[in-house]
Amino acid sequence: MSLTRFDFSKLFDLNVLVVESDPASGHQLKQILTGLGIKKVELSRTAQDLLSCEGTAPYDVIFLDYDAEPSVVGADLIELLLHKHIVSPLCRLVVLSTATERQKHAVDYPFHQIDFLDRPCNKFHMDEQLKLHVRLKPFMDQILPLVHKRRYVDAFKLIGELQQKAGADTPLAVQQLKAEMLLELGVCDAASALIKSACTKQQGWALWLQFLLDYEQGDLQSCNSFLVNVTEEVLRYQERKEVWQVYLALENEDYAAALNVAVKFPAAGMSTHITQLVQLVMMVSDKTEQAIELIERKRRLSGSGYQFCVLTVSLCKLLLFLMAQPMAEQRIAQYQAMLQQCFRQLITDKEASQFAADIIWLQGSLVCQADGKDAAIGFLEKQKQHLAAMQMSVASQCHGATLMASLGKMNAAFDLMYLANKALNLLPHSIHKVYAACVHQQAFHLIYAAADRGQVYAQMGLRHEKEGELRPAAQMYYKAYLAEPGYLTHQEHLANLLSQLKLSKFKTFVLEEFNQR
């Protein structure tokens, strides 16, 4: 089949699923798809069958009702399908939604094919999505598997070959994919050049990708200018804009500014990601009681399951943070009782097995409270092999690091913070990666005093360098340089790494300016 010639036979062979909670609407959508010539159409009133799938669901296109699960916010439902790898990157997920623009576009989904259709949608809208999938299929089926295996060099080579065959008919989505990969590799100038014309035309994906490039390069002035713009494109992504304002404030340790934005997020329809972000802001702004109230409310709404466990772990960590504060003595018994209750709810939930590492860290804290530090150290020593075999998230490793530091095991804490940074650098550029970076920074600040941070960042950079991880090493030396700007050794190390990486600058550190000193 030609890369650009539309083949109708491929359209009729698509395997399509419709998840629609309203029976009449579901029947109508199925009739539309059948009328468009789709032979294989399945209809479901709930996403539960999809969520309980073993492995990847066998569909080419899924039309998903944003409100299919009453106890799960639509944004969380999408996240669950991606987190559990139920929706393949090769599958087009079309979300049918009456949600506000601010909710729909709050999160970015790099290297996945996700679109939103406003309700009410007709056969022309659905036909457009199906045809788009067929047009992109010859490209995406070959490129995306390489991207998800992080085989970027092979993916670039393949894109070059496909562009040669397709010429001017190369889909815009392929250009976007190429720019996203250049961002992943830190080749910011090339990515910027690629998206320049799309930015001129005010195309949303390009404007936000340029924003990410500015952020990656440390041009925070451009980032802030973009966020205060009142263009239609920025207004359309209102919640994403506000999330980024919080992130930038957290990175600058401007907690008052972060709180000022965070408290304005509407409670109704708040996703788990936004809940955790607001909780983090409240925690660092001495608004922990409000944070507890927020998470408790969201936990009650979720009832049980994966999101319930995520929120319960967050609440447990918040209670531990609160109990460690000097002013907590008067309410320590109340917090301990709440923590123990939350822990029991967590370990008895049907999804508890997915939170094994967090459960071990929490159990270590409970042992410490009941029997002292030595008993907790002994317990964690017995779990060491079990923990080493786990693939922990950034947040889980940071959780473990703060516990180890509280037990006086600073070497173990450093190891976990290093591994957390390693995991952080494997995440694709997205809002989730920046949130994980905020969690990592906050844990780092809890563990290490301001006077020590420059040297610890440098130690972490050296370890990355010894492992051959030059870009994460440069990132750590850059942080060491920011923490101790007068310490020349950090700058020399960073300059040496940039030379090896063949980069002229790293964020605000320009190699040529350093060499001219």
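Buried means under 20% relative accessible area, exposed over 50%, and partly exposed in between (1.4 Å probe, protein chains only). Keep that handy for the exercises. The model is predicted, so local features need pLDDT of at least 70, side-chain atom pairs count only at pLDDT 80 or more, and totals for chains, interfaces and linings use all residues. Residues are numbered from 1 along each chain as its sequence is written, and side-chain values use heavy atoms, with hydrogens and water left out.

**Exercise 1. Place glutamine 369 and work out its surroundings.**

Step 1: Find the element. Glutamine 369 sits in helix H19, residues 356–371. Helices (H or I, at least four residues) and strands (E, at least two) are DSSP runs, numbered from the N terminus.

Step 2: Check the exposure. With a relative accessible area of 30%, glutamine 369 is partly exposed.

Step 3: List the contacts, meaning heavy atoms within 4.5 Å. Leaving aside neighbours within four places in sequence, glutamine 369 touches Leu320, Met323, Gln336 and Leu339.

Step 4: Look at the side chains. Those of glutamine 369 and glutamine 336 make a polar contact (3.5 Å). That term covers a pair of N or O atoms within 3.5 Å; within protein, one must be able to donate a hydrogen and the other to accept it, and residues adjacent in sequence count only if both atoms are side-chain atoms.

**Exercise 2. Follow the contact between glutamine 279 and serine 314.**

Step 1: Start with glutamine 279, which you'll find in helix H15 (residues 272–284). Its relative accessible area is 7%, so it is buried.

Step 2: Beyond neighbours within four places in sequence, glutamine 279 is in contact with Ala291, Leu294, Ile295, Ser314 and Leu318.

Step 3: Hop over to serine 314, in helix H17 (residues 306–323). Serine 314 has 6% relative accessibility, so it counts as buried.

Step 4: Read the list from this end. With neighbours within four places again set aside, serine 314 contacts Gln276, Gln279 and Ile295.

**Exercise 3. Describe how H22 packs with H23.**

Step 1: Get the geometry. H22 (residues 410–426) and H23 (residues 431–447) pack at about 165°, their axes 10 Å apart. Axes are lines fitted to C-alpha atoms, for helices over the stretch in contact, and angles run from 0 to 180 degrees between N-to-C directions.

Step 2: Name the arrangement. That makes H22 roughly antiparallel to H23 (an angle over 145 degrees).

Step 3: Pick out the partners. In H22, Met410, Met417, Ala420, Asn421, Leu424 and Asn425 meet Lys433, Ala436, Ala437, His440, Ala443, Phe444 and Ile447 in H23.

Step 4: Sort them by class. The contact of H22 with H23 has nine nonpolar, three polar and one charged residues. Here Ala, Val, Leu, Ile, Met, Phe, Trp, Tyr, Cys and Pro count as nonpolar, Asp, Glu, Lys and Arg as charged, and the others, Gly among them, as polar.

**Exercise 4. Track down some unusual backbone spots.**

Step 1: Recall the background. Most residues other than glycine have a negative phi, and most peptide bonds are trans.

Step 2: Check the peptide bond from arginine 119 to proline 120: it's cis, with omega near -5°. Proline 120 lies in the loop between strand S5 (113–118) and helix H6 (123–148).

Step 3: Turn to aspartate 286, which isn't a glycine but has a positive phi of about 60°. It belongs to the loop between H15 and helix H16 (288–302), and at 69% relative accessibility aspartate 286 counts as exposed.

Methods
Parallel < 35°, antiparallel > 145°, perpendicular 65-115°, else oblique.
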